[in-house]
Amino acid sequence: MTALEYSPYAADCPSRQLLDRIGDRWSVLTIGTLASGPHRYSAIAAAVRGVSQKMLTQTLRALERDGLVTRTVFPEIPPHVEYELTDAGRSLRRVLEPLEDWATSHMDAVAVSRQEYDAAR
């Protein structure tokens with residue numbers, strides 16, 4: 001398939017899996033954390049508050065599999081591992097940053113809308 005043949009509106013299109021990955025909150029927050037440069041696992045976990053160890057590990061592995069993050073192991077005792085965005089990951093970050101900005105700047109209005117909706121039910 002070429003890029004022109006992919007359509008996330010088609011039920012069997014693999015681009016849907018990619019949209020699931022990049023639309024996942026832990027992926028968005030992990031990519032945002034790595035935007036400033038390479039980080040160790042513990043630094044990512046500290047920055048992405050609320051993520052479990054299991055979920056962060058799964059997220060990093062999936063982002064690495066998709067070619068958005070690299071994992072570098074430094075031969076030290078104990079081993080030193082760093083994660084870093086690839087070129088594709090950095091280009092995705094440029095797309096995700098406005099989404100984060102939109103979410104934070106519109107959260108007050110969304111909260112009001114939710115309250116009004118819930119009160120009407």
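**Notes on a predicted model: two crossing helices and the core**

1. A good place to begin is the pair formed by helix α2 (residues 25-34) and helix α4 (residues 53-65), whose axes come within 10 Å and cross at roughly 75 degrees. Angles of 65 to 115 degrees count as roughly perpendicular, so α2 is roughly perpendicular to α4. Please keep in mind that this is a predicted model.

2. Which residues make that meeting? From α2 come W26, S27, T30 and I31, and they meet M55, L56, T59, L60 and L63 of α4. Sorted by class, the contact of α2 with α4 has 6 nonpolar and 3 polar residues, with no charged ones.

3. Next, have a look at the largest nonpolar core, which has 18 residues. Those with the most contacts inside this core are I31, L34, I44, V69, Y83 and L92. Two or more residues each are given by α2, α4, β3 (80-85) and α5 (87-120), and the largest share, 4 residues, comes from α2.

4. L34 is worth a closer look. Leaving aside residues up to four places away in sequence, L34 touches H39, I44, V69, Y83 and L85.

5. Stepping back, the protein chain has 5 helices and 3 strands, arranged along the sequence as α-α-β-α-α-β-β-α. Among contacts between residues at least 6 apart in sequence, 45% join residues at least 24 apart.

6. What about overall dimensions? The radius of gyration of the protein chain is 17 Å, whereas a compact globule of 121 residues would have one near 14 Å. The C-alpha atoms fill a box of roughly 60 × 40 × 25 Å along the principal axes, and buried residues make up 26% of the 121 residues.

Terms used:
Residues numbered from 1 in each chain as written. Predicted model: local features only at pLDDT ≥ 70, side-chain atom pairs only at ≥ 80, totals over all residues. Heavy atoms only, no water. Axes fitted to C-alpha atoms, helices over the stretch in contact; angles between N-to-C directions. Parallel < 35°, antiparallel > 145°, perpendicular 65-115°, else oblique. Contact = heavy atoms within 4.5 Å. Nonpolar A, V, L, I, M, F, W, Y, C, P; charged D, E, K, R; others polar. Core = buried A, V, L, I, M, F, W, Y, C linked by side-chain atoms within 4.5 Å. Buried < 20%, exposed > 50% of the residue type's maximum accessible area, 1.4 Å probe, protein only. Rg over C-alpha atoms; globule rule 2.2 N^0.38 Å.
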